[in-house]
Structure formats: C-alpha cells, structure tokens
Amino acid sequence: MRDVYLVPMREEGSTNSHVYGALRRLDGQSGGDARLAPIRVRFGEPRRLADLVDAAQSPRAISACLQADYEATFPRPRARVFRWIRLPWRVAWGRGRG
C-alpha cells in the first residue's frame, strides 16, 4: 500500500465576499463593491498521514489530531488592537471636544 501525504495549506487575506465577487466578475455580472484583493497562500511541509494518526482511532479523534497539527503549523494570529482604544474613552467617542 502506498503512503498518503498531507500538505497543510492556509489562505491569508481571503474572505467569502472576495471569492464570490471575483466569481461574479468572471461570470460578467457586476461585482458591486467587491474588489479583487491579493491573497497569500502558505504551505507547510508534507506529512505522512500514518505519522499523524492511527487508523484504529475514531473519526473524531483523527479530526482532533489533524486540527492540532494544523494549528501547530499555522498558529492563530494575535488579535488586532485598534489605535483608538488607547485614547481616553471620552475622546474616542467624541465627548472630549469642546
């Protein structure tokens, strides 16, 4: 039996609205406010499936193992902090002027 390899992949900067807008443009329809934005596709090292999971595991356990490996390969980005949060609340909400 041949080995099965998985290649982890992550799209960055892509949203459903971008994808659907691009498909509408390809179809000749007006995309409205949809714009074509650049995306980044990152790949991880190929991995043998047999090294990640055991065939005797339940589907739920296999899914959890694969998800843990993916998250280790592509850690979640830290939450963005907006600049206006650092301002005093009265100024941020427009109450400190005047």
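This section describes salt bridges and selected contacts in a predicted model.

Six salt bridges are present in the structure. Side chains of opposite charge can pair when their charged atoms come close. Four residues, Arg 10, Glu 12, Arg 40 and Arg 42, are joined in a salt-bridge network.

Glu 12 takes part in this network. Its carboxylate pairs with Arg 42, with an N-to-O distance of 2.7 Å. Arg 42 belongs to strand β3 and Glu 12 to strand β2, so this bridge ties together parts that lie 30 residues apart in sequence. A salt bridge also connects Glu 12 to Arg 40. Here the closest N and O atoms are 3.9 Å apart, within the 4 Å cut-off for a salt bridge. Arg 40 lies in strand β3, which spans residues 40–43, and Glu 12 in strand β2, so the pair ties together parts separated by 28 residues in sequence.

The accessibility of these side chains was computed. Glu 12 is partly exposed, at 22% relative accessible area. Arg 42 is likewise partly exposed, at 34%. Arg 40 has a relative accessibility of 52% and counts as exposed, because the exposed class begins over 50%.

Arg 10, another member of the network, is placed in strand β2. Its side chain makes a polar contact of 3.5 Å with the side chain of Glu 12. Beyond its sequence neighbours up to four places away, Arg 10 touches Arg 40, Val 41 and Arg 42. The contacts of Arg 10 also include Tyr 70, Phe 74, Pro 75 and Pro 77.

A further salt bridge joins Arg 47 and Asp 69. The closest N and O atoms of this pair are 3.2 Å apart. Arg 47 sits in strand β4 (residues 47–48), and Asp 69 in helix α3 (residues 59–73). The bridge thus links distant parts of the chain, 22 residues apart. Arg 47 is partly exposed, with a relative accessible area of 21%.

Val 7 occupies the loop between β1 (5–6) and β2 (9–12). Leaving aside residues up to four places away in sequence, Val 7 touches Phe 43, Gly 44 and Pro 46. The C-alpha atoms of Val 7 and Arg 48 are separated by 9.0 Å. Along the chain, these two residues are 41 residues apart.

Technical notes:
Residues numbered from 1 in each chain as written. Predicted model: local features only at pLDDT ≥ 70, side-chain atom pairs only at ≥ 80, totals over all residues. Heavy atoms only, no water. Helix = DSSP H or I, 4+ residues; strand = E, 2+ residues; numbered from the N terminus. Contact = heavy atoms within 4.5 Å. Polar contact = N/O pair within 3.5 Å; in protein donor to acceptor, adjacent residues only side chain to side chain. Salt bridge = Lys/Arg side-chain N within 4 Å of Asp/Glu carboxyl O. Buried < 20%, exposed > 50% of the residue type's maximum accessible area, 1.4 Å probe, protein only.
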